[in-house]
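Open your viewer and get ready to click along. At each stop you will select something, look around, and then move on.

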Amino acid sequence: MPQPAIAPPVERENYLNAKYGVWSWLLTTDHKRIALLYLLSITFFFFIGGFFALLIRLELLTPAGDLVQADTYNKLFTMHGMVMVFFFLIPSIPAVLGNFLVPMMIGAKDLAFPRINLLSWYLYIIGGVMMLHCMLTGGVDTGWTFYAPFSTNFTNTKIVEAGLAIFVAGFSSILTGLNFVVTIHRMRAPGMTWSRLPLFIWAHYATSIIQLLGTPVVAVTIVLVAAERALHLGIFDPKLGGDPLLFQHLFWFYSHPAVYIMILPSMGVVTEIIACFSRKRIFGYSFVAFSSIAIAVFGFLVWAHHMFVAGMSVYAALVFSLLSYAVAVPSAIKVFNWTATLYKGSIHYDAPMLYAFGFLGLFTIGGLTGLFLSALGINVHVTDTYFVVAHFHYIMVGGAVMGYLGGMHFWWPKISGKLYPEGWARLAALIVFIGFNLTFFPQFLLGYMGMPRRYYDYSHMPEFQILNVLSTAGATVLGVGYLLPMVYFLWSMRYGKPAPDNPWNAAGLEWKTPSPPPTFNFDEEPVVTWEAYNYDELDSPDKGAPHKEEVPVAR
Amino acid sequence: MLNNFPLWPVQASTIARSVDALYIFLLIVTGMMTLLIFICLVYFAARFRYRPGVPAVQIDGSHALEITWSTIPFLIFMVIFAWGALVYFKERTPPADATEVYVVAKQWMWKIEHAEGQREINQLHVPVGRDVKMIMTSQDVIHSFYIPAFRIKQDVLPGRYTVEWFRATKPGTYHLFCAEYCGTQHSGMVGDIVVMEPAQYETWMNGGSTGPLSATGEKIFAELGCSTCHRTDIQGRGPNLHGVFGKPVQLEDGRTVTADENYLRECILDPGAKRLKGFQPIMPTFQGLVTEEQVNALVAYIKSIAAAKGEAAKASASAAAPPAQENAQTNALANGSQVQ
Amino acid sequence: MPDSTVIGLHHEDEHHPELLHHFADAQQQRDSASLGMWVFLATEVMFFGGLFCAYLVYRHWYFPDFAAASKSIDATLGATNTAVLICSSLTVVLAVWAAQTARRTLLIVSLILTMLLGMAFLGIKGIEYREKFVEHHVPGASFSFDKVQVPGHPDQYANPHHAQIFFSLYFVMTGLHALHMIIGLGIFLWLLIMAWKGRFTPEWHTPVEIGGLYWHFVDIVWIYLFPLLYLIDRHP
């Protein structure tokens with residue numbers, strides 16, 4: 001066991017050691033402990049979803065469908081999508097980093113409704129167990145989008161169970177959003193005005209609005225699908241007077257804003273990281289803050305851009321194409337503001353910042369390919385092909401997951417009280433970046449060449465093989481990149497150097513607490529008299545201060 | 001080597017060129033935006049890396065910059081939007097005199113029937129240089145008719161027709177894919193579009209068929225007794241169908257709709273839904289009594305019949321007393337004999 | 001429990017027994033609870049909203065069939081239920097006022113009355129559902145809606161498929177509403193128990209207020225459901 005040079009400090013009471021025992025965790029109302037409960041759960045589902053992805057990529061190594069049967073493959077991509085979207089991406093940052101940090105960043109002792117927070121986690125677990133059971137007893141093969149009438153009248157798989165699992169997990173999402181909105185409105189410390197809030201908070205506020213207003217619509221859609229399956233109602237069945245397009249409208253009304261649930265928190269994380277590691281205020285604070293809100297609002301107006309070839313009228317398509325370009329503008333504003341923040345900064349290349357750089361590059365590419373998809377003429381050709389698959393993976397994996405990993409590294413010292421090994425972390429960031437691009441860039445080419453989605457056998461088009469092989473190779477590299485942090489984070493909990501209160505000399509109320517923080521976060525309620533990102537003050541005693549203390553400060 | 005990393009499939013239709021032109025424009029524009037941002041990122045990351053004794057310069061922001069980099073991208077986006085919309089209009093507006101092909105999708109195959117009567121499974125033969133319009137429906141779930149070489153795609157829905165058109169410019173064989181996940185053999189629902197020189201196509205066409213689709217439709221029209229009520233000599237119980245296709249018609253509830261393929265189909269399968277003004281609601285439904293192919297044939301037939309001479313051909317505001325006997329109608333339906 | 005290293009956040013002398021530790025003061029707790037319930041009701045609006053959307057689309061397409069189906073459900077029972085719910089909203093308001101003014105008896109009586117009215121609502125709903133079951137208007141295998149005239153068009157019969165869509169929406173929408181009523185009854189039972197134990201004071205009666213908000217919302221949903229489902233194309 002490594003020994004520091006001075007006598008180790010007496011271990012303070014913090015939220016990790018305040019109480020011991022399984023029940024102190026399972027019945028906790030401490031937002032920080034709940035965040036860790038979520039961390040374990042979503043990591044578990046991430047690896048399940050990732051395992052399915054691996055099998056998918058292995059199947060696609062060869063044109064023939066020779067690894068698994070057609071039905072199995074259809075279940076694999078369905079479960080990959082459902083698990084990754086509903087049980088990993090949507091909770092990830094809000095439930096882990098949001099839960100941990102939102103109260104601390106605004107100077108509160110906890111969220112507004114700690115018991116509802118715990119209920120959120122239990123709902124997530126119940127939904128997760130139901131989904132696991134569904135997968136283990138046959139799974140679902142409709143695609144994560146479970147379009148009618150296939151899902152209502154034709155599939156033999158367990159749609160109702162999967163739908164109920166998602167329904168329950170959706171409640172978890174709604175309650176988390178509710179908690180955040182009320183907390184941010186009502187529990188800010190004295191002096192913490194809206195314009196002094198960290199942009200991480202603005203991002204989570206916008207995310208919560210979407211969670212609150214969008215999730216109920218997919219919930220009721222699931223109810224209708226379940227009812228239709230059970231009772232042959234005819235709401236989506238043309239033979240009984242129903243309309244399959246109604247399903248698509250109801251489904252996408254949530255599922256499009258859902259993608260903003262997945263990316264906005266990540267943008268919040270990246271903002272915090274870039275400010276800290278450039279030692280600068282964010283360029284254009286209010287523009288970044290309002291762009292988060294704008295994305296949330298506009299995000300509700302563009303759902304039918306998933307339906308340009310579905311049989312909608314040409315005029316409806318025009319409206320949704322136009323609005324889709326409008327929603328691209330706030331995202332562009334953010335990218336420019338982040339880049340401008342680097343200008344005349346004092347940039348450090350620690351692992352969190354490497355992830356932030358990765359985010360910037362990959363989100364830019366992913367977002368720009370959205371411009372292709374919003375162009376009606378191009379959309380007709382590339383929708384339902386690998387072009388779309390590449391586009392959304394660039395945003396969700398290249399964007400959201402990179403942001404999540406960056407945030408985990410950035411706040412790891414605060415969460416665990418330990419420092420992760422920086423060398424390994426930088427290596428992992430690089431491996432993830434390379435693996436990611438190798439996996440998904442070829443898919444843009446595949447898509448424009450015409451390879452449709454959800455095909456397990458492409459023996460009619462063997463010319464697609466080489467790009468698929470590249471993609472699978474990349475996926476292996478990416479997998480290694482994801483395993484590394486798992487290993488060294490766990491390692492650091494036992495063998496890592498103890499972390500000081502503020503290893504990055506970062507701005508933000510959370511850094512004014514010990515690492516790890518005590519159960520009620522602050523010894524005394526903070527009174528805020530400074531603007532956000534006051535890096536000039538933080539760096540002023542000695543110009544360009546070293547940003548990481550090696551030795552923990554004894555109290 | 002470069003053949004292994006093509007940027008786009010062969011261009012084999014008139015629209016393919018327009019789509020690829022927009023694609024190239026987008027590649028250039030987004031490429032430039034990406035380059036701009038990447039250059040800034042790399043340059044700033046290097047130039048402004050941490051140096052001891054050199055603090056960061058706090059810059060709050062710049063309204064001018066924000067407005068600029070919001071407006072310019074927005075304007076560029078509008079250009080892309082407009083261009084994309086124009087291409088889309090072309091794609092979704094079939095020329096008036098296009099050759100019609102009926103497509104019925106089912107799990108997991110494409111059943112294709114030319115107006116001239118040729119039937120194909122998973123293949124579509126077309127002549128180069130001719131406008132072809134596909135009128136498509138599904139027997140079960142949603143499918144999608146996708147021809148990458150033509151850059152066209154259209155979902156095929158149960159319960160209604162959707163339409164897709166192209167004009168092939170290059171002889172050859174091109175991929176046809178189902179592009180909307182439809183179950184177990186979704187990957188197997190593939191086929192070929194065979195584009196032939198006109199002479200070759202004629203030869204192929206004459207190589208056996210059952211006669212034009214509209215003739216099949218005429219036969220079914222008689223067999224099912226439609227002509228009992230839909231007469232052309234006198235005003236029957238049902239509207240005279242000559243020349244009705246494509247015209248606006250007034251409904252019982254006051255609305256005016258166009259009698260297009262979807263309307264005709266709906267009248268056959270759900271007669272009460274959009275009843276013509278001035279007619280009694282006595283038409284029986286044929287849902288379950290006709291297959292999709294038979295509906296296609298009936299629609300083709302009704303499209304083929306021009307307006308008959310005489311005022312009886314025009315839809316009238318009030319119905320005349322039906323002259324035919326009840327018995328005759330019932331007998332006609334039962335025996336399938338021709339009344340007309 | 002916090003140990004001695006955690007100092008109390010505020011120097012307030014009174015620590016109201018109902019004040020939860022993470023709140024700075026009672027006002028913050030009250031405001032949070034209230035905002036929380038309003039936000040939750042917004043999510044409920046979206047939940048029912050999806051169904052209203054489906055309803056509006058199909059009503060527009062199949063108006064005559066919807067009119068025929070609507071005529072076959074009992075508008076008298078529906079109107080009675082509307083009156084019942086409006087009365088129950090009155091008793092809820094009384095309950096809140098009673099809590100605000102320390103009138104424990106009135107509070108308990110109002111809560112009981114509200115629950116009775118709620119149960120009456122559910123009972124009448126049950127009668128309606130049974131009627132529909134007997135008439136084979138419940139969607140599913142035994143559904144039948146043959147030869148039912150479209151109101152105002154004696155020569156036209158409603159399309160049974162389209163009528164089934166009406167009844168599907170009818171049962172899903174009123175069923176979900178009834179589920180919310182049952183949950184409301186549970187909430188009010190809990191309020192009743194708390195009131196009986198004397199937990200509510202003029203200083204702290206937040207559960208009564210936010211429980212009342214929830215009940216009012218369920219009432220308002222019914223106010224929309226009633227005309228949309230029961231009164232399509234009705235003429236005196």
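**Stop 1: a pair in chain A**

Select A:Arg426 and A:Asp350, whose side chains meet in a salt bridge, with N and O 3.7 Å apart. A salt bridge here is a side-chain nitrogen of Lys or Arg within 4 Å of a carboxyl oxygen of Asp or Glu. The pair links distant parts of the chain, 76 residues apart: A:Arg426 is in helix 15 (residues 422–449) of chain A, and A:Asp350 is in the loop between helix 11 (314–342) and helix 12 (351–374). Helices (H or I, at least four residues) and strands (E, at least two) are DSSP runs, numbered from the N terminus.

Is A:Asp350 buried or exposed? A:Asp350 is buried, with a relative accessible area of 4%, while A:Arg426 counts as partly exposed at 34%. Buried means under 20% relative accessible area, exposed over 50%, and partly exposed in between (1.4 Å probe, protein chains only).

Before you go on, note that this is a predicted model, in which local features need pLDDT of at least 70 and side-chain atom pairs count only at pLDDT 80 or more, while totals for chains, interfaces and linings use all residues. Residues are numbered from 1 along each chain as its sequence is written, chains are lettered from A and ligands numbered from 1 in the order in which they are written, and side-chain values use heavy atoms, with hydrogens and water left out.

**Stop 2: inside chain B**

Now colour chain B, which has eight helices and 12 strands. Of its 340 residues, 49% count as buried.

Select B:Arg151 and B:Asp20. They form a salt bridge, with the closest N and O atoms 2.6 Å apart. This pair also links distant parts of its chain: B:Arg151 is in the loop between strand 6 (143–147) and strand 7, B:Asp20 is in helix 1, and 131 residues separate them. B:Arg151 is buried at 0% relative accessible area, and B:Asp20 counts as buried at 1%.

Next, select helix 6 of chain B, residues 261–269. How many of its nine residues are buried? Seven are, and the helix is mostly covered. Among the buried ones are B:Glu261, B:Tyr263 and B:Leu264. The buried residues of helix 6 pack against strand 1 (99–106), strand 5 (131–138), strand 11 (248–250), strand 12 (256–258) and helix 7 (292–304) of chain B. Keep B:Glu261 selected and add B:Glu100, B:Lys133 and B:Lys303: these four are linked in a network of salt bridges.

Finish here with B:Cys182 and B:Cys178. The sulfur of B:Cys182 is 3.8 Å from the closest cysteine sulfur, in B:Cys178, which is too far for a bond. The structure holds zero disulfides over all chains, where a disulfide is a pair of cysteine sulfur atoms within 2.5 Å.

**Stop 3: where chain B meets chain A**

Show both chains. Here 85 residues of chain B are in contact (heavy atoms within 4.5 Å) with 98 residues of chain A. Together the two chains bury about 7,900 Å², 69% of it on carbon and sulfur atoms. Buried area is the accessible area (1.4 Å probe) that two parts lose on being put together, summed over both.

Which residue of chain B forms a salt bridge with A:Arg281? Click B:Asp60, where the closest N and O atoms of the pair are 2.5 Å apart. The rule finds one salt bridge across this interface. Helix 2 (63–92) is one of the elements on the side of chain B that touches chain A, and helix 2 gives the most to that side, with 18 residues.

**Stop 4: chain C**

Switch to chain C against chain A. The contact takes 42 residues from chain C and 44 from chain A, and the area buried between them is about 3,600 Å². The salt bridge count between these two chains is zero.

For a last click, choose C:Lys125 in helix 4 (residues 104–134) of chain C. C:Lys125 is buried, with a relative accessible area of 2%. Its side chain makes a polar contact with the side chain of C:Tyr230 at 3.1 Å. A polar contact is a pair of N or O atoms within 3.5 Å; within protein, one must be able to donate a hydrogen and the other to accept it, and residues adjacent in sequence count only if both atoms are side-chain atoms.
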